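This briefing is for a reader who is new to the structure. It goes through salt bridges, one helix, one glutamate and two pockets.

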Amino acid sequence: MQNEKLKPSLIIPIGLMLFSFFFGAGNLIFPPVLGQMAGENIGWGMLGFCLSGVGFPLLGVLAVAMKKSDNPDAIAMPMHPLYARAVTVLCALAIGPLFAIPRTAAVSFDTGISALLPAAFDGFGLPLYSAFFFILTYFFSINPSKIIGNIGNFLSPMLLICLAVLVVCVLVNPTGSLQMPNPEFTATPFFRGFQEGYNTMDLLAAILFGSITIKAIEAQGITDKAVLTKLCSYAGLIAAFFLAIIYVALAYTGALSINVFGVIPNGATLLSKICTYYMGFGGQIVLALIIFFACLTTSIGLTTAISGYFAELSNNRIQYERLVLFISLFSLFVANFGLENIIHFSIPVICMLYPIIIALVILNIGRVIIHDDPLTFRLCLTLTTIFAIFDGLRVANIRFMALDNFLAQNLPLFDIGFGWVVPCFGGIVLGLLCKSFTKKA
(Lines give C-alpha, C1' and ligand atoms only; values in the text may rest on other atoms or scores of the structure.)
Protein backbone atom coordinates (compact mmCIF):
# COMPACT_ATOMS: atom_id res chain seq x y z
CA MET A 1 0.00 0.00 0.00
CA GLN A 2 2.79 2.39 0.87
CA ASN A 3 4.64 1.71 -2.36
CA GLU A 4 1.47 2.40 -4.33
CA LYS A 5 1.44 5.89 -2.87
CA LEU A 6 4.87 6.67 -4.30
CA LYS A 7 3.65 7.31 -7.84
CA PRO A 8 4.99 9.92 -10.25
CA SER A 9 1.43 11.22 -10.67
CA LEU A 10 1.59 12.40 -7.05
CA ILE A 11 5.30 13.11 -6.63
CA ILE A 12 5.67 15.36 -9.69
CA PRO A 13 2.78 17.76 -8.92
CA ILE A 14 4.01 18.14 -5.33
CA GLY A 15 7.55 18.74 -6.56
CA LEU A 16 6.33 21.35 -9.08
CA MET A 17 4.23 22.95 -6.36
CA LEU A 18 7.29 23.29 -4.13
CA PHE A 19 9.37 24.61 -7.04
CA SER A 20 6.73 27.25 -7.75
CA PHE A 21 6.68 28.33 -4.11
CA PHE A 22 10.44 28.88 -4.15
CA PHE A 23 10.74 30.42 -7.59
CA GLY A 24 9.82 34.10 -7.59
CA ALA A 25 10.88 37.21 -9.44
CA GLY A 26 13.99 37.62 -7.30
CA ASN A 27 15.13 34.25 -8.57
CA LEU A 28 14.82 35.57 -12.11
CA ILE A 29 16.57 38.91 -11.78
CA PHE A 30 19.62 37.98 -9.68
CA PRO A 31 21.27 35.16 -11.75
CA PRO A 32 21.67 37.22 -14.98
CA VAL A 33 23.40 40.02 -13.07
CA LEU A 34 25.63 37.48 -11.34
CA GLY A 35 26.53 36.08 -14.76
CA GLN A 36 27.60 39.51 -15.97
CA MET A 37 29.68 40.16 -12.84
CA ALA A 38 31.27 36.70 -12.71
CA GLY A 39 32.23 36.48 -16.39
CA GLU A 40 34.85 33.77 -16.83
CA ASN A 41 34.44 32.85 -13.15
CA ILE A 42 30.78 32.04 -13.64
CA GLY A 43 31.36 28.42 -12.64
CA TRP A 44 32.58 29.27 -9.13
CA GLY A 45 30.06 32.08 -8.77
CA MET A 46 27.13 29.87 -9.70
CA LEU A 47 28.41 27.07 -7.47
CA GLY A 48 28.22 29.44 -4.50
CA PHE A 49 24.86 30.84 -5.62
CA CYS A 50 23.34 27.40 -6.09
CA LEU A 51 24.66 26.23 -2.71
CA SER A 52 22.91 29.03 -0.83
CA GLY A 53 20.00 29.46 -3.26
CA VAL A 54 19.27 25.78 -4.01
CA GLY A 55 21.33 23.45 -1.82
CA PHE A 56 20.49 24.87 1.59
CA PRO A 57 16.79 25.43 0.82
CA LEU A 58 16.64 21.77 -0.27
CA LEU A 59 18.40 20.73 2.94
CA GLY A 60 15.94 22.90 4.86
CA VAL A 61 13.00 20.98 3.37
CA LEU A 62 14.79 17.69 4.10
CA ALA A 63 15.46 18.79 7.69
CA VAL A 64 11.73 19.37 8.19
CA ALA A 65 10.97 16.02 6.53
CA MET A 66 13.46 14.22 8.79
CA LYS A 67 11.72 15.69 11.83
CA LYS A 68 8.51 14.09 10.50
CA SER A 69 6.57 17.03 11.87
CA ASP A 70 4.49 19.71 10.18
CA ASN A 71 5.45 22.14 12.95
CA PRO A 72 8.12 24.49 11.52
CA ASP A 73 9.35 25.25 15.06
CA ALA A 74 10.52 21.66 15.42
CA ILE A 75 14.00 22.03 13.91
CA ALA A 76 15.02 24.63 16.54
CA MET A 77 13.33 23.04 19.58
CA PRO A 78 16.56 21.51 21.01
CA MET A 79 17.86 25.08 21.45
CA HIS A 80 14.79 26.33 23.36
CA PRO A 81 11.07 26.53 22.52
CA LEU A 82 11.04 30.33 22.81
CA TYR A 83 14.07 30.65 20.53
CA ALA A 84 12.46 28.26 18.04
CA ARG A 85 9.25 30.24 18.04
CA ALA A 86 11.05 33.58 17.71
CA VAL A 87 13.16 32.45 14.74
CA THR A 88 10.18 30.98 12.90
CA VAL A 89 8.03 34.06 13.51
CA LEU A 90 10.81 36.37 12.29
CA CYS A 91 11.27 34.26 9.16
CA ALA A 92 7.52 34.19 8.57
CA LEU A 93 7.28 37.96 8.84
CA ALA A 94 10.35 38.53 6.63
CA ILE A 95 9.22 36.22 3.84
CA GLY A 96 5.63 37.23 4.41
CA PRO A 97 3.77 40.53 4.65
CA LEU A 98 6.80 42.67 5.57
CA PHE A 99 9.07 42.00 2.59
CA ALA A 100 8.78 38.97 0.31
CA ILE A 101 5.05 38.91 -0.47
CA PRO A 102 4.84 42.66 -1.23
CA ARG A 103 8.05 42.27 -3.27
CA THR A 104 6.35 39.75 -5.57
CA ALA A 105 3.78 42.32 -6.65
CA ALA A 106 6.23 45.24 -6.85
CA VAL A 107 8.81 43.29 -8.85
CA SER A 108 6.30 41.79 -11.26
CA PHE A 109 4.90 45.25 -11.96
CA ASP A 110 8.24 47.04 -12.32
CA THR A 111 9.91 44.40 -14.49
CA GLY A 112 7.08 42.99 -16.54
CA ILE A 113 3.80 44.86 -16.48
CA SER A 114 4.79 48.53 -16.39
CA ALA A 115 6.61 48.31 -19.76
CA LEU A 116 3.37 47.15 -21.40
CA LEU A 117 1.21 49.95 -19.98
CA PRO A 118 0.70 53.33 -21.66
CA ALA A 119 2.10 56.44 -20.00
CA ALA A 120 -1.37 57.39 -18.76
CA PHE A 121 -1.14 54.59 -16.17
CA ASP A 122 2.05 55.89 -14.54
CA GLY A 123 0.29 57.36 -11.52
CA PHE A 124 -2.06 54.52 -10.63
CA GLY A 125 -0.75 51.48 -12.51
CA LEU A 126 0.90 49.89 -9.45
CA PRO A 127 -2.14 50.29 -7.14
CA LEU A 128 -4.47 48.79 -9.77
CA TYR A 129 -2.12 45.96 -10.66
CA SER A 130 -1.25 45.09 -7.04
CA ALA A 131 -4.96 45.00 -6.17
CA PHE A 132 -5.57 42.53 -9.02
CA PHE A 133 -2.46 40.55 -8.02
CA PHE A 134 -3.54 40.10 -4.40
CA ILE A 135 -7.13 39.27 -5.32
CA LEU A 136 -5.71 36.30 -7.24
CA THR A 137 -3.39 35.47 -4.33
CA TYR A 138 -6.37 35.50 -1.96
CA PHE A 139 -8.50 33.34 -4.27
CA PHE A 140 -5.91 30.57 -4.62
CA SER A 141 -4.72 30.73 -1.01
CA ILE A 142 -8.22 30.49 0.48
CA ASN A 143 -8.58 26.95 -0.94
CA PRO A 144 -5.51 25.12 0.43
CA SER A 145 -7.02 21.68 -0.15
CA LYS A 146 -6.85 22.39 -3.91
CA ILE A 147 -3.34 23.77 -3.83
CA ILE A 148 -1.65 20.83 -5.60
CA GLY A 149 -4.12 20.94 -8.48
CA ASN A 150 -4.12 24.71 -8.81
CA ILE A 151 -0.37 25.20 -8.66
CA GLY A 152 1.33 21.91 -9.47
CA ASN A 153 -0.81 21.11 -12.52
CA PHE A 154 -1.34 24.55 -14.08
CA LEU A 155 0.80 27.46 -12.93
CA SER A 156 4.12 25.58 -12.76
CA PRO A 157 3.99 24.24 -16.35
CA MET A 158 3.03 27.73 -17.58
CA LEU A 159 6.04 29.20 -15.80
CA LEU A 160 8.41 26.57 -17.21
CA ILE A 161 7.11 27.04 -20.75
CA CYS A 162 7.67 30.80 -20.57
CA LEU A 163 11.21 30.32 -19.28
CA ALA A 164 12.01 27.72 -21.93
CA VAL A 165 11.09 30.16 -24.73
CA LEU A 166 13.69 32.66 -23.54
CA VAL A 167 16.46 30.16 -22.75
CA VAL A 168 16.16 28.30 -26.07
CA CYS A 169 16.47 31.57 -28.00
CA VAL A 170 19.67 32.43 -26.15
CA LEU A 171 21.23 29.00 -26.61
CA VAL A 172 20.43 28.87 -30.32
CA ASN A 173 21.82 32.34 -31.00
CA PRO A 174 24.24 33.45 -28.24
CA THR A 175 25.10 37.15 -28.11
CA GLY A 176 28.83 36.77 -27.40
CA SER A 177 31.43 35.11 -25.19
CA LEU A 178 32.44 35.20 -21.53
CA GLN A 179 34.31 38.31 -20.41
CA MET A 180 36.71 39.15 -17.57
CA PRO A 181 35.05 39.00 -14.13
CA ASN A 182 34.07 41.98 -12.03
CA PRO A 183 36.67 42.69 -9.25
CA GLU A 184 34.24 41.32 -6.65
CA PHE A 185 34.24 37.98 -8.49
CA THR A 186 37.99 37.87 -9.09
CA ALA A 187 39.36 37.07 -5.64
CA THR A 188 36.51 35.11 -4.02
CA PRO A 189 33.90 34.26 -6.69
CA PHE A 190 32.49 31.33 -4.70
CA PHE A 191 31.83 33.36 -1.54
CA ARG A 192 30.49 36.31 -3.55
CA GLY A 193 28.10 33.99 -5.36
CA PHE A 194 27.07 32.43 -2.04
CA GLN A 195 26.13 35.87 -0.71
CA GLU A 196 24.17 36.67 -3.88
CA GLY A 197 22.09 33.57 -3.14
CA TYR A 198 20.84 35.26 0.04
CA ASN A 199 18.77 37.60 -2.12
CA THR A 200 16.42 34.80 -3.16
CA MET A 201 15.29 34.48 0.51
CA ASP A 202 14.49 30.84 -0.27
CA LEU A 203 16.23 29.38 2.76
CA LEU A 204 14.14 31.57 5.07
CA ALA A 205 11.05 30.05 3.46
CA ALA A 206 12.32 26.46 3.45
CA ILE A 207 11.08 25.43 6.90
CA LEU A 208 7.62 26.84 6.23
CA PHE A 209 7.48 25.38 2.73
CA GLY A 210 8.59 22.03 4.12
CA SER A 211 5.74 22.25 6.60
CA ILE A 212 3.11 23.10 3.98
CA THR A 213 4.44 20.33 1.70
CA ILE A 214 3.88 17.83 4.50
CA LYS A 215 0.34 19.18 4.96
CA ALA A 216 -0.32 18.93 1.23
CA ILE A 217 0.82 15.31 1.25
CA GLU A 218 -1.34 14.53 4.28
CA ALA A 219 -4.30 16.09 2.45
CA GLN A 220 -3.91 13.30 -0.12
CA GLY A 221 -4.66 10.75 2.61
CA ILE A 222 -1.04 9.81 3.32
CA THR A 223 -0.33 9.64 7.05
CA ASP A 224 2.47 7.07 7.23
CA LYS A 225 5.53 9.01 8.47
CA ALA A 226 8.07 7.06 6.40
CA VAL A 227 6.12 7.51 3.14
CA LEU A 228 5.50 11.15 3.98
CA THR A 229 9.22 11.78 4.52
CA LYS A 230 10.13 10.11 1.22
CA LEU A 231 7.54 12.08 -0.74
CA CYS A 232 8.67 15.34 0.84
CA SER A 233 12.28 14.51 0.00
CA TYR A 234 11.45 13.62 -3.61
CA ALA A 235 9.49 16.87 -3.96
CA GLY A 236 12.49 18.80 -2.67
CA LEU A 237 14.80 17.13 -5.18
CA ILE A 238 12.45 17.96 -8.07
CA ALA A 239 12.26 21.60 -6.97
CA ALA A 240 16.05 21.81 -6.54
CA PHE A 241 16.67 20.30 -9.99
CA PHE A 242 14.50 22.86 -11.79
CA LEU A 243 15.87 25.75 -9.73
CA ALA A 244 19.49 24.83 -10.47
CA ILE A 245 18.89 24.37 -14.21
CA ILE A 246 17.10 27.70 -14.52
CA TYR A 247 19.67 29.59 -12.42
CA VAL A 248 22.56 28.31 -14.51
CA ALA A 249 20.75 29.07 -17.79
CA LEU A 250 19.85 32.61 -16.70
CA ALA A 251 23.36 33.30 -15.37
CA TYR A 252 24.91 32.08 -18.62
CA THR A 253 22.48 34.26 -20.55
CA GLY A 254 23.54 37.28 -18.51
CA ALA A 255 27.23 36.48 -18.90
CA LEU A 256 26.97 36.43 -22.70
CA SER A 257 24.81 39.56 -22.87
CA ILE A 258 27.57 41.88 -21.72
CA ASN A 259 29.00 41.87 -25.25
CA VAL A 260 25.86 43.56 -26.61
CA PHE A 261 24.45 45.58 -23.71
CA GLY A 262 27.46 46.28 -21.50
CA VAL A 263 27.22 46.07 -17.72
CA ILE A 264 23.63 46.46 -16.48
CA PRO A 265 23.34 46.14 -12.67
CA ASN A 266 19.55 45.97 -12.71
CA GLY A 267 18.47 42.39 -13.40
CA ALA A 268 14.98 43.38 -14.50
CA THR A 269 16.31 45.85 -17.05
CA LEU A 270 18.84 43.30 -18.28
CA LEU A 271 16.19 40.60 -18.77
CA SER A 272 13.94 43.06 -20.57
CA LYS A 273 16.73 44.02 -22.98
CA ILE A 274 17.59 40.37 -23.65
CA CYS A 275 13.96 39.50 -24.39
CA THR A 276 13.53 42.53 -26.65
CA TYR A 277 16.80 41.74 -28.44
CA TYR A 278 15.66 38.24 -29.36
CA MET A 279 11.91 38.68 -29.78
CA GLY A 280 11.15 42.39 -30.05
CA PHE A 281 7.93 43.53 -28.41
CA GLY A 282 6.92 39.90 -28.12
CA GLY A 283 9.88 39.47 -25.80
CA GLN A 284 8.39 41.99 -23.39
CA ILE A 285 5.17 40.01 -23.35
CA VAL A 286 7.08 36.78 -22.64
CA LEU A 287 8.98 38.50 -19.83
CA ALA A 288 5.72 39.83 -18.37
CA LEU A 289 4.28 36.32 -18.36
CA ILE A 290 7.42 34.85 -16.77
CA ILE A 291 7.49 37.46 -14.03
CA PHE A 292 3.75 37.29 -13.42
CA PHE A 293 3.57 33.51 -13.01
CA ALA A 294 6.77 33.36 -10.96
CA CYS A 295 5.58 36.06 -8.58
CA LEU A 296 2.00 34.83 -8.31
CA THR A 297 2.96 31.26 -7.44
CA THR A 298 5.44 32.48 -4.84
CA SER A 299 2.87 34.85 -3.35
CA ILE A 300 0.32 32.04 -3.10
CA GLY A 301 2.82 29.69 -1.49
CA LEU A 302 3.99 32.25 1.05
CA THR A 303 0.49 33.41 1.93
CA THR A 304 -0.73 29.84 2.38
CA ALA A 305 2.23 28.75 4.48
CA ILE A 306 2.32 31.80 6.72
CA SER A 307 -1.44 31.98 7.23
CA GLY A 308 -1.47 28.33 8.21
CA TYR A 309 1.43 28.82 10.59
CA PHE A 310 -0.10 31.79 12.40
CA ALA A 311 -3.48 30.06 12.57
CA GLU A 312 -1.86 27.14 14.38
CA LEU A 313 0.17 29.53 16.51
CA SER A 314 -3.09 31.07 17.77
CA ASN A 315 -4.64 27.62 18.29
CA ASN A 316 -7.06 28.57 15.51
CA ARG A 317 -8.48 31.45 17.55
CA ILE A 318 -7.63 33.50 14.46
CA GLN A 319 -9.16 31.75 11.48
CA TYR A 320 -7.01 30.81 8.50
CA GLU A 321 -9.32 32.68 6.12
CA ARG A 322 -9.00 35.91 8.11
CA LEU A 323 -5.21 35.61 8.15
CA VAL A 324 -5.15 35.13 4.36
CA LEU A 325 -7.27 38.26 4.00
CA PHE A 326 -5.12 40.27 6.41
CA ILE A 327 -1.84 39.21 4.79
CA SER A 328 -3.19 39.95 1.32
CA LEU A 329 -4.39 43.42 2.36
CA PHE A 330 -1.24 44.28 4.33
CA SER A 331 0.97 43.07 1.47
CA LEU A 332 -1.07 45.21 -0.93
CA PHE A 333 -0.39 48.22 1.31
CA VAL A 334 3.37 47.58 1.58
CA ALA A 335 3.77 46.82 -2.14
CA ASN A 336 2.70 50.35 -2.98
CA PHE A 337 5.72 51.78 -1.17
CA GLY A 338 7.75 50.63 -4.17
CA LEU A 339 10.36 48.00 -4.85
CA GLU A 340 13.44 50.01 -3.88
CA ASN A 341 12.15 50.76 -0.37
CA ILE A 342 11.13 47.12 0.20
CA ILE A 343 14.59 45.85 -0.80
CA HIS A 344 16.40 48.56 1.20
CA PHE A 345 14.76 47.57 4.47
CA SER A 346 14.87 43.81 3.84
CA ILE A 347 18.60 43.30 3.24
CA PRO A 348 19.83 43.77 6.86
CA VAL A 349 17.12 41.40 8.11
CA ILE A 350 18.08 38.77 5.52
CA CYS A 351 21.75 39.00 6.52
CA MET A 352 20.80 38.43 10.16
CA LEU A 353 18.47 35.50 9.58
CA TYR A 354 20.27 33.56 6.84
CA PRO A 355 23.29 32.38 8.93
CA ILE A 356 20.94 31.30 11.74
CA ILE A 357 18.82 29.15 9.43
CA ILE A 358 21.95 27.71 7.79
CA ALA A 359 23.18 26.70 11.26
CA LEU A 360 19.82 25.11 12.06
CA VAL A 361 19.88 23.14 8.80
CA ILE A 362 23.42 21.89 9.50
CA LEU A 363 22.46 20.86 13.04
CA ASN A 364 19.40 18.93 11.85
CA ILE A 365 20.97 17.28 8.81
CA GLY A 366 23.80 16.19 11.13
CA ARG A 367 21.41 14.46 13.52
CA VAL A 368 23.25 11.17 13.07
CA ILE A 369 26.19 12.71 14.94
CA ILE A 370 24.55 15.46 16.98
CA HIS A 371 21.38 13.59 18.05
CA ASP A 372 19.56 16.85 18.84
CA ASP A 373 21.97 17.48 21.72
CA PRO A 374 20.70 20.65 23.49
CA LEU A 375 24.19 21.82 24.51
CA THR A 376 25.51 21.57 20.95
CA PHE A 377 22.48 23.43 19.62
CA ARG A 378 22.85 26.16 22.23
CA LEU A 379 26.56 26.71 21.73
CA CYS A 380 26.31 26.73 17.94
CA LEU A 381 23.20 28.88 17.68
CA THR A 382 24.23 31.36 20.35
CA LEU A 383 27.54 32.06 18.64
CA THR A 384 25.99 32.09 15.17
CA THR A 385 23.23 34.45 16.27
CA ILE A 386 25.71 36.94 17.77
CA PHE A 387 27.77 37.14 14.59
CA ALA A 388 24.70 37.10 12.33
CA ILE A 389 23.50 40.21 14.16
CA PHE A 390 26.90 41.81 13.50
CA ASP A 391 26.50 41.03 9.80
CA GLY A 392 23.06 42.60 9.70
CA LEU A 393 24.22 45.72 11.51
CA ARG A 394 27.19 46.12 9.16
CA VAL A 395 24.92 45.90 6.11
CA ALA A 396 22.69 48.53 7.70
CA ASN A 397 25.81 50.72 8.11
CA ILE A 398 25.62 50.48 11.90
CA ARG A 399 29.24 49.73 12.76
CA PHE A 400 31.47 49.57 15.81
CA MET A 401 34.76 50.32 14.06
CA ALA A 402 37.12 49.13 16.81
CA LEU A 403 35.29 45.81 17.10
CA ASP A 404 35.02 45.48 13.31
CA ASN A 405 38.75 46.03 12.89
CA PHE A 406 39.59 43.55 15.66
CA LEU A 407 37.35 40.82 14.20
CA ALA A 408 38.57 41.46 10.65
CA GLN A 409 42.15 40.86 11.81
CA ASN A 410 41.49 37.86 14.05
CA LEU A 411 38.38 36.04 12.80
CA PRO A 412 38.69 34.16 9.48
CA LEU A 413 36.22 35.20 6.74
CA PHE A 414 34.81 38.10 8.79
CA ASP A 415 36.06 40.71 6.31
CA ILE A 416 34.09 39.11 3.44
CA GLY A 417 30.82 38.79 5.38
CA PHE A 418 31.21 35.22 6.68
CA GLY A 419 32.30 35.89 10.24
CA TRP A 420 29.61 33.51 11.50
CA VAL A 421 31.14 30.41 9.86
CA VAL A 422 33.94 29.71 12.36
CA PRO A 423 31.73 30.39 15.43
CA CYS A 424 29.02 28.14 13.96
CA PHE A 425 31.25 25.11 13.41
CA GLY A 426 33.30 25.93 16.50
CA GLY A 427 30.13 25.75 18.58
CA ILE A 428 29.26 22.36 17.10
CA VAL A 429 32.74 20.95 17.78
CA LEU A 430 32.78 22.35 21.32
CA GLY A 431 29.33 20.94 22.03
CA LEU A 432 30.27 17.48 20.77
CA LEU A 433 33.48 17.52 22.83
CA CYS A 434 31.56 18.49 25.97
CA LYS A 435 29.06 15.72 25.27
CA SER A 436 31.86 13.21 24.80
CA PHE A 437 33.58 14.20 28.04
CA THR A 438 30.27 14.05 29.94
CA LYS A 439 29.67 10.50 28.74
CA LYS A 440 33.15 9.39 29.78
CA ALA A 441 32.71 10.94 33.21
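Is aspartate 73 buried or exposed? Aspartate 73 counts as buried, at 1% relative accessibility; buried means under 20% relative accessible area, exposed over 50%, and partly exposed in between (1.4 Å probe, protein chains only). The model is predicted, so local features need pLDDT of at least 70 and side-chain atom pairs count only at pLDDT 80 or more, while totals for chains, interfaces and linings use all residues. Residues are numbered from 1 along each chain as its sequence is written, and side-chain values use heavy atoms, with hydrogens and water left out.

**Salt bridges**

- Six salt bridges are present in the structure, each being a side-chain nitrogen of Lys or Arg within 4 Å of a carboxyl oxygen of Asp or Glu.
- One of them joins the side chains of aspartate 73 and arginine 85, at 2.5 Å from N to O.
- That pair links distant parts of the chain, twelve residues apart: aspartate 73 is in the loop between α4 (42-67) and α5 (81-98), and arginine 85 is in helix α5.
- Arginine 85 is partly exposed, with a relative accessible area of 34%.
- Another salt bridge pairs arginine 394 with aspartate 404 (3.7 Å, N to O).
- Arginine 394 lies in helix α18 (residues 374-395) and aspartate 404 in helix α19 (residues 401-410), ten residues apart.
- Both ends of this bridge are buried: arginine 394 has 15% relative accessibility, and aspartate 404 has a relative accessible area of 9%.
- Lys67, Arg367 and Asp372 are joined into one network by salt bridges that share partners.
- Within that network, the closest N and O atoms of aspartate 372 and arginine 367 are 3.4 Å apart.

**Helix α18**

- Helices here are DSSP runs (H or I, at least four residues), numbered from the N terminus.
- The 22 residues of α18 should span 32 Å at 1.5 Å a residue, and the end C-alpha atoms are 31 Å apart, which agrees; the expected span is 1.5 Å times one less than the number of residues.
- Buried residues of α18 include Phe377, Cys380, Leu381, Thr384, Phe387 and Asp391.
- Asparagine 397, just after α18, takes a positive phi of about 60 degrees.

**Glutamate 196**

- Glutamate 196 sits in helix α10 (residues 189-198) and counts as buried, at 10% relative accessibility.
- Leaving aside residues up to four places away in sequence, glutamate 196 touches Leu34, Met37, Phe49 and Phe185; contact means heavy atoms within 4.5 Å.

**Pockets**

- On a 1 Å grid over the protein atoms alone, with a 1.4 Å probe, a pocket is an open set of points with protein on both sides within 12 Å along at least five of seven lines, and lining residues have an atom within 4 Å of a point.
- The largest pocket has a volume of about 520 Å³, a volume being the space filled by probe spheres set on the points, which are joined across faces, edges and corners.
- Its lining has 23 residues, with Phe30, Pro265, Asn266, Gly267 and Ile343 nearest the centre.
- α16 gives the largest share of that lining, six residues.
- The second largest pocket holds about 380 Å³ of space.
- Of the 17 residues lining the second largest pocket, Gln195, Cys351, Val395, Ile416 and Gly417 lie nearest its centre.
- α10 gives the most to the lining of the second largest pocket, with four residues.

Conventions:
Helices (H or I, at least four residues) and strands (E, at least two) are DSSP runs, numbered from the N terminus.
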